[in-house]
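Biologist: I would like a close look at one part of this model, with the rest of the chain as background. Please keep to what can be computed from the atoms.

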Amino acid sequence: MPALLAYARLIRNNKRMSKRTSLDEFAANCGRDIWAYTDGGCWPNPGPGGWGVVIGSGHTYAELCGGHPDTTNNRMEMTAVLEALLAI
């Protein structure tokens, strides 16, 4: 959850992150500096879980998410990071 809280603070405090876009458009227009916030978890552990990624560059960002019906917290955390890396 800390990554999602950091992302919420970033949106509230940073007006330059102004355009949400599709991942394809983001990949076509991203600059050299790319950042990503990732998070994943499940409840109970093991149990149903999900992961999320917010990836950005310059004035654009994209969101990715997914899940699994039977997983662990560690698996969802690592899946989020891997999906972020695959997106770039």
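Biologist: What share of the contacts in the protein chain with a separation of 6 or more comes from residues 24 or more positions apart? After that, please take helix α3 (residues 73-87) and say which of its residues are buried, which are exposed, and what the buried ones pack against.

Modeller: The model is predicted. Residues 24 or more positions apart account for 55% of the contacts in the protein chain with a separation of 6 or more. The protein chain has three helices and four strands, and their order along the sequence is α-β-α-β-β-β-α. Of the 88 residues in the chain, 32% are buried. The accessible surface of the chain is about 5700 Å², and carbon and sulfur atoms contribute 57% of that area.

Now the helix. α3 runs over residues 73-87, which is 15 residues. From the first C-alpha to the last, α3 reaches 21 Å, and this is close to the 21 Å expected at 1.5 Å a residue. Its buried residues are M76, T79, A80, A84 and A87. These five lie on the same side of α3, because they cover an arc of only 135° around the axis. The general background is that an α-helix has 3.6 residues a turn, so residues three or four places apart point the same way.

What do the buried residues meet? They pack against one helix segment, α2 (23-29), and against the strands β2 (35-42), β3 (47-57) and β4 (60-71). On the other side of α3, the exposed residues are N74, L85 and L86.

One of these exposed residues, L85, also belongs to a nonpolar patch on the surface. The patch is formed by I34, V81, L82, L85 and I88, and together they have about 450 Å² of accessible area. L82, another member, lies in helix α3.

Some of the strands packed against α3 can be described further. C65 is found in strand β4. C65 counts as exposed because its relative accessibility is 66%, and the cut-off for exposed is over 50%. Leaving aside residues up to four places away in sequence, C65 touches W51 and G52. C65 and E83 are 18 residues apart in sequence, and their C-alpha atoms are 8.8 Å apart in space.

Between β2 and β3 there is a loop that holds both P44 and P46. The peptide bond from W43 to P44 is cis, with omega near -10°. The bond that joins N45 and P46 is a cis peptide bond as well, and its omega is about 0°.

Strand β1 (residues 19-20) contains R20. With a relative accessibility of 54%, R20 counts as exposed. R20 touches Y61 and E63 when residues up to four places away in sequence are not counted. R20 and G56 are separated by 36 residues in sequence and by 9.1 Å in space, C-alpha to C-alpha.

To return to your request: one side of α3 carries M76, T79, A80, A84 and A87 as buried residues, and the other side carries N74, L85 and L86 as exposed ones. The packing partners of the buried residues are α2, β2, β3 and β4.

Notes: Residues are numbered from 1 along each chain as its sequence is written. This is a predicted model: local features need pLDDT of at least 70, side-chain atom pairs count only at pLDDT 80 or more; totals for chains, interfaces and linings use all residues. Side-chain values use heavy atoms; hydrogens and water are left out. Helices (H or I, at least four residues) and strands (E, at least two) are DSSP runs, numbered from the N terminus. The expected span of a helix is 1.5 Å times one less than its number of residues. Buried means under 20% relative accessible area, exposed over 50%, partly exposed in between (1.4 Å probe, protein chains only). The arc is that of the directions from the helix axis to the C-beta atoms. Contact means heavy atoms within 4.5 Å. Patches are made of residues with over 30% relative accessible area and no salt bridge: like charges are joined within 9 Å, nonpolar side chains (Val, Leu, Ile, Met, Phe, Trp, Tyr) within 5 Å. Accessible areas come from the Shrake-Rupley method with a 1.4 Å probe; for residues, only the protein chains shown count as cover. A salt bridge is a side-chain nitrogen of Lys or Arg within 4 Å of a carboxyl oxygen of Asp or Glu.
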